[in-house]
Amino acid sequence: MNAALDEAYRLLNASVMRYRGRPVGTIAASDPGGLAADNYRDCFIRDFMVSGLVFLADDNIEIVRNFLLASLEVTEREHDLPERTIHPSVMPASFRVDCDSDAGERLVGDFGERAIGRVAPVDSLLWWTLLLCATIQAYGDPTLAERDDVQRNLKRLLALCANDAFEVYPTLMVPDGSFMVDRRMGVYGHPLEIQSLLYGALRRALHYVEKTPENQRLIAVGEDRLRRLRDYLRRFYWLDLQRLGEIHRFPTEELGETGANAFNIHPESVPDWVTEWLPDEAGYLVGNLGPGRMDFRFFSQGNLLAILFGLATDQQAARIMSLIEARWPDLVGAMPLKLCYPALSGDAWRLLTGSDPKNTPWCYHNGGNWPVLLWTLVAAALKSGHRALAERAFALAAQRLPGDQWPEYYDGRRGRLIGRRANLHQTWSAAALILAHKLLEDPALLSLLPE
Ligand code: GLC
């Protein structure tokens with residue numbers, strides 16, 4: 001096991017990206033065969049969250065601070081361009097260091113215009129805020145939060161809640177592929193992962209945004225949104241056998257404010273698999289909810305983050321962990337953890353992914369197993385008092401990842417095969433193993449991501 005951790009560290013350290021001589025991030029993958037797509041040489045904001053937490057736990061604040069400020073610089077430069085039409089609350093999915101013979105090194109961000117799906121990465125600002133607050137928390141030093149550029153970014157997050165939008169729900173509406181699942185996967189609308197991240201990041205941003213008269217309105221709107229988001233998620237996204245029974249017998253076409261079926265979900269839309277699969281004692285937050293639409297798929301990251309940020313109640317957290325325990329072969333199998341369950345297949349795969357050959361059933365985002373999710377699983381398990389489960393998942397990953405050369409993802413119903421197009425030497429797969437180990441050794445590290 002020490003050998004696995006040593007190797008993970010070697011990989012993490014080798015992935016460090018430098019800008020004008022200083023460390024500013026980690027590249028996504030350093031595939032030894034050079035097969036990784038071009039943008040895996042970038043530092044992704046969501047990927048760096050994992051590296052960043054490892055660096056913080058190791059008291060290496062310099063790289064994390066540089067990363068936070070470098071990604072912010074790229075964002076502010078982009079938003080200052082008069083011809084840009086990018087939404088003011090979008091940070092880049094990733095950035096790289098370009099070398100120009102005249103100007104020297106330059107940071108260049110990808111705001112979705114170079115990535116495969118060409119979608120704005122809505123999660124970047126949310127992950128960035130969480131890492132910023134973890135950094136302040138780790139060093140008990142508020143000066144980072146007091147900087148003007150940092151305050152401007154925190155306000156960009158609050159402004160998301162005050163935006164004019166054609167919305168009646170407290171959840172945030174986003175396009176397909178705007179987070180870790182960055183391709184078409186039927187995750188447009190109100191995907192759980194974005195809502196959990198919004199909840200966690202908004203809560204932290206409210207803590208650190210300056211309480212000036214000028215900010216008063218934004219803060220009030222943010223606080224109201226936070227409360228409504230929490231109540232709404234806990235009530236309407238929650239699914240257990242009792243709720244499933246209610247949905248199965250839902251009345252439809254109700255008008256007014258008091259109906260049982262607020263979203264006009266047609267009972268006929270409940271998929272067969274869920275009725276058989278959902279254990280009596282378990283439950284989870286569904287993947288998406290909107291008018292006439294409940295996506296019953298189980299998305300791991302959104303559920304685990306909901307536990308971590310205290311968005312799920314204690315009882316819901318316990319029942320989500322029960323689900324993972326009871327459905328271990330489906331959700332963990334040979335490698336923690338399935339990104340979503342079950343896979344889309346047949347017409348659903350054709351219509352919702354656009355027949356995406358990378359996302360065929362039980363592959364990649366469509367039901368593949370992602371080692372990076374180990375850290376969120378371990379963190380959520382420790383937070384909810386399921387240490388044995390965390391240890392079991394960790395052991396599986398530690399045993400396999402080094403021999404398999406740290407793949408980005410695994411394919412198959414049980415995650416037994418290295419992903420068909422997975423990069424090897426994927427940085428967040430290695431960083432997640434280190435972070436999971438650190439959390440198991442010292443659960444007090446959970447305080448970096450406080451409720
Ligand atoms: C893929 C993943 C995305 C990740 C990126 C870099 O595009 O879908 O979530 O951030 O690779 O690892």
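**Exercise 1. Which residue in β5 is the bridge partner of R96?**

Before solving, note that this is a predicted model, in which local features need pLDDT of at least 70, side-chain atom pairs count only at pLDDT 80 or more, and totals for chains, interfaces and linings use all residues. Residues are numbered from 1 along each chain as its sequence is written, and side-chain values use heavy atoms, with hydrogens and water left out.

*Solution.* Begin with the strands, which are DSSP runs of E with at least two residues, numbered from the N terminus, while helices are runs of H or I with at least four residues. Strands β4 (residues 94-100) and β5 (residues 104-110) run antiparallel and are joined by seven bridges, and two strands count as paired if DSSP finds at least two bridges between them. Within this pairing, R96 has V108 as its bridge partner. A hairpin of three residues connects β4 to β5.

**Exercise 2. Find the polar side-chain contacts of R46, Y364 and H365 with the ligand.**

*Solution.* First list the surroundings: residues with a heavy atom within 4 Å count as near the ligand, and among them are R46, D47, Y364, H365 and W428. Next apply the rule for a polar contact, a pair of N or O atoms within 3.5 Å. A polar side-chain atom of H365 lies 2.8 Å from an oxygen atom of the ligand, the corresponding value for R46 is 2.9 Å, and for Y364 it is 3.5 Å. Finally, consider the cover: the protein covers 96% of the 310 Å² of accessible area that the ligand has on its own, as found by the Shrake-Rupley method with a 1.4 Å probe.

**Exercise 3. Which residue classes line the largest cavity?**

*Solution.* A cavity is a set of points, on a 1 Å grid over the protein atoms alone, where a 1.4 Å probe fits but cannot get out, and its lining residues have an atom within 4 Å of a point. The whole structure holds six cavities of 30 Å³ or more, and the largest has a volume of about 80 Å³, where volume means the space filled by probe spheres set on grid points joined across faces, edges and corners. Its lining includes L53, W375 and L435, and the elements that give two or more residues to it are α2 (45-57), α15 (373-383) and α17 (427-441). Sorting by class, in which Ala, Val, Leu, Ile, Met, Phe, Trp, Tyr, Cys and Pro are nonpolar, Asp, Glu, Lys and Arg charged, and the others, Gly among them, polar, gives 10 nonpolar, no polar and no charged residues.

Conventions:
A polar contact is a pair of N or O atoms within 3.5 Å; within protein, one must be able to donate a hydrogen and the other to accept it, and residues adjacent in sequence count only if both atoms are side-chain atoms. On a 1 Å grid over the protein atoms alone, a cavity is a set of points where a 1.4 Å probe fits but cannot get out, and a pocket is an open set with protein on both sides within 12 Å along at least five of seven lines; lining residues have an atom within 4 Å of a point.
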